[in-house]
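This briefing brings together an overview of one chain and a closer look at the strand pairing in another. Please read it alongside the coordinates.

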Amino acid sequence: MPSRKTKGYKKRKTSSVSIPKDALKSVKNKIKRENLLAKVRDEHNISKHKARKERLKMEASDPELKAERLASNIPSTIEAMRVYDETVNVAAEGEDEFEEYFRDKKPPKVLITTSKNARGEAYELSDQLIDIIPGSEFVKRGHKFSMKEIAKFCNNREFTDLVVISEDKKEVNGLTFVHLPNGPTMFFSLTSLRMPKQISGHGRATEHSPELILNNFSTRLGSTVGRLFQSLFPQTPEFVGRQVVTLHNQRDFIFFRRHRYVFKETERVGLQELGPQFTLKLRRVQRGIAEEMEWEHRPDMDKEKHKFYL
Amino acid sequence: MRVFVAAEDSGSLKDISFSFGTNTSVKGSRAPNITTFASEGRSAFVQRMTLVKLSDGKQGICVARKGGIVQLYDIDPPYALLNEWKGQTLHGDSFVGLEHVNGILSSVTSSGKLVMRDLQSAATAALEYYAFIGDPVNAYRVHPNRPNIIAYAGKERELEISQITNVQTAEDAGDSSSSSSSKWCVAPPQYGPYNAHELALHKLWRAKNVKNDELELRVPVWISDIRFLDCDRAVDAQSLNDFRVAVTTRFGHIRLYETSKSRRPLVNVEVGEHPLVALAPTAKENEVVFCDTHAVTAKFDVTTGRKNSHFSGSTGSTLCLDTLLPSKIKEEEEEEGDGAAPSTSADVGLLATGGLDRYLHVYNLETRQLVGKVYVGTKLSAISIVDGQSTDGTVSERESEYEDEDGKKMKVKDEEDAAGGKRFKKRKTGGEEGEDNGSVSDPGSTASSANAKHVRFENGSEEEDDEEEDEEAVWRMLGEDGDLETIEIKADDDDVEDDEEEEERGASSESAARGSQSAGGSSRSRSGRRSRTASRRR
């Protein structure tokens, strides 16, 4: 059986030796049938490898052939089959809520806290986030104040962002970002959290402000989300630290990774992962501090496999 | 059709014209014609907008911007700025109402400053009348037929209806007023140190808060929008100041007041847990359209007190609504053409919505079908429909669209002949596609009887799987006989069968009630018996 990943790809491919499954059906003895099939498969593999070798030789002599093959052989990925979206890569019109922040070049000042009654992982992740976001501080969440009140207090103390880590049953399940003073508020669900110590060969981060890579935030909504992440980090990174924070959007899942790059030789660059890793999925965007809904993920949005919102 | 929208992000106005069926989310759809003008930045975005009729019979668009600027633009390119009034608000103040009735433009700020201007007179800048109606004000409307009746309400402030007593319309004054060209004049103050331009308000009616809740706690008041309903009711001297008013609250209520009956609302329904934002009238007197902060736009029937049906499609909160009613269209046509040109407008009302999802949606008010969907690119803060006709839209255009649909149907049929049962699948996927794209349709769909069935099937495919199955059955039948008539016959048969069954059931329940233990025994008959016995016990 072809593996799940290459299923679609294999189907389209026509190899020189096809497996005669129908012919094999007429063989009644199971063991004989298995042997026959193994033999056919073996032949199929051998012919495939032969064809590849020949192709390699041909392409070595004529590089145009390779270019042609690469140009014509485009795998049909889900991203390539994306439903048409008129907002993709259209220049944003006017100003958004972040305009003032970026224009004034304010240094970010971020407050990190947890949901009420946090016990376990939330504190570990908050340690990590303090490490990741320069100019952030952690305040333990009490019982008294609501998010809106906290946002008000942060405004008084000139914070630029508020991050709330949601925890349920001792597991982190979400992150809320509030841009201050006037919103927007975004809630992401958080999955696949791996702490640095779970990542083999991880490095230790330094206190330099990192470079930021935002990948594939292409729609109008995506650009808003990108601007939010941009607003969390200082606008001028310290390149000395060689640290990179990546937020990679693929099919509306945002993958968070942190690396340090190492120049081992002149041509290639080595990467060392610093951690943590987690995956975010946008659930809702609200105007102001949790007021009118700008966008909300509904379960029926998952019905369309090829429609992406970021 | 032509719609004016106000962009919140850039503080600009946009003139959007498009033909029915435009959907920018579909690749290759007819592109709308968008013209942007009057960009003044986010710090001066348009908070309220209204269409006005100028003295020379032209139309203009009046906007109230953040920062206290009221502007009047020409409605046609090059969108000349005709007039501007500055300094209308104090710091931190915002416009909560901008209304135009019978040539009189009134604007209200959240701190309660009411300013009225007579746009019909020659010296527009000079004629400015003002009054303070107290703060805070969150909602303000003028009676659509009587410019001197105003209603306003706010946070912790009940609905009030006031009359402006020192103004006279031209009919009242008999053209003996000081400014001869003006239809409207302020009577000189009779006593007190009044400013000559101050409006005198007389409170006609004030609402009373609803009764305390089940915990005996006071219900908070925060009214977000007001609409006068049933405005064309016959007015005699006694019922001159009786009004029917609907309001929405930030606590999710819709309330209906009948001022002659009670100070408390006749209808008070909590339609959702989210704050309601805006309210708009429909062609029916007992129906309104409302929207809330969580992407719900729906009709509400004030007589039954029920939320009727949703206008689906928007993903973000709707901030502004505008309806174009068929009666209004007819009036305009009568004014313009003397029946020479064939009526080209839709027979049904239109609803335009805009908000945080950056799309303009236009719906058929009756069938709730999407007529047009346009990506604007900025959040919309105000909206008004100028013209309800399709841009290249005539009746013939609409008919041609139907021909297209019929053509599709024909094609499908042909394919069916060629390749067996494939058609059902095809038909189904077509329906799904329609759903995905928000299925844009024509507003005049209910009007044409020839295609009524076809339209009905489409509706079915959008809504429920069961109906989709029905649709398949219909198609199957079509395949057998190739005739639409069979469906009706079949449907009739079903009805007959149902009737017979019901009769049987009825008979059995009766027999059961008599106590005969013979046939029947269905659940319904049992329940019938139970209810009978219960009544006997009583």
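Chain A contains 8 helices and 11 strands, and the model in which it appears is a predicted one. Chain A is described below by its overall dimensions and by one annotated region, whereas chain B is described through its strands and the way they pair.

**Overall form of chain A**

- The radius of gyration of chain A is 26 Å, whereas a compact globule of 310 residues would have a value near 19 Å.
- Measured out along its principal axes, the C-alpha trace of chain A spans about 80 × 50 × 45 Å.
- Of the 310 residues in chain A, 39% are buried, and the chain exposes about 19000 Å², of which carbon and sulfur atoms supply 52%.
- Among the contacts in chain A with a separation of 6 or more, 66% are accounted for by residues 24 or more positions apart.

**The annotated region of chain A**

- An unreviewed UniProt entry carries the annotation "domain: Brix", which covers residues 108-291 of chain A.
- Over residues 108-291 of chain A, 19% of the chain is helix and 40% is strand, and the C-alpha atoms at the two ends are 23 Å apart.

**Strand 14 of chain B and its two partners**

- Strand 14 of chain B, which comprises residues 157-164, is mostly covered, with 8 of its 8 residues buried.
- Strand 13 (residues 149-154) of chain B runs antiparallel to strand 14 of chain B and is joined to it by 5 bridges; within this pairing, Ile150(B) stands opposite Ser162(B).
- The hairpin formed by strand 13 of chain B and strand 14 of chain B has 2 residues between the strands, and Glu156(B) takes a positive phi near 55° there.
- Strand 14 of chain B is also joined by 5 bridges to strand 17 (residues 201-206) of chain B, again in an antiparallel arrangement, and the bridge partner of Gln163(B) in strand 17 is His202(B).

**Two open sheets in chain B**

- One open sheet of chain B is formed by 4 strands in the order 8-9-10-11, with antiparallel pairing.
- The edge strands of this sheet are strand 8 (95-101) and strand 11 (128-132) of chain B, each of which pairs on one side only, and neighbouring strands are turned by 15° against each other on average, direction ignored.
- Within the sheet, 5 bridges join strand 9 (residues 104-109) of chain B to strand 10 (residues 113-118) of chain B, and Leu105(B) has Arg117(B) as its bridge partner in strand 10.
- Another open sheet of chain B is formed by 4 strands in the order 18-19-20-21, and its pairing is antiparallel.
- Strand 18 (223-229) and strand 21 (267-270) of chain B each have a single partner strand, so one side of each is left without a neighbour in the sheet; the average turn between neighbouring strands here is 15°, direction ignored.
- Strand 20 (residues 253-258) of chain B pairs with strand 21 of chain B in the antiparallel sense over 4 bridges, and Leu256(B) has Val267(B) as its bridge partner in strand 21.

**Strands 1 and 30 of chain B**

- In strand 30 (residues 380-387) of chain B, 7 of the 8 residues are buried, so this strand is largely enclosed by the rest of the structure.
- Strand 1 (residues 2-7) of chain B pairs with strand 30 of chain B in the antiparallel sense over 6 bridges, and Arg2(B) stands opposite Asp387(B) in strand 30.

Notes: Residues numbered from 1 in each chain as written. Chains lettered and ligands numbered in written order. Predicted model: local features only at pLDDT ≥ 70, side-chain atom pairs only at ≥ 80, totals over all residues. Heavy atoms only, no water. UniProt positions renumbered as here; feature names shortened; annotations may be inferred. Buried < 20%, exposed > 50% of the residue type's maximum accessible area, 1.4 Å probe, protein only. Pairing = 2+ DSSP bridges. Axes fitted to C-alpha atoms, helices over the stretch in contact; angles between N-to-C directions. Rg over C-alpha atoms; globule rule 2.2 N^0.38 Å. Contact = heavy atoms within 4.5 Å. Areas by Shrake-Rupley, 256 points an atom, 1.4 Å probe, with all protein chains shown as cover.
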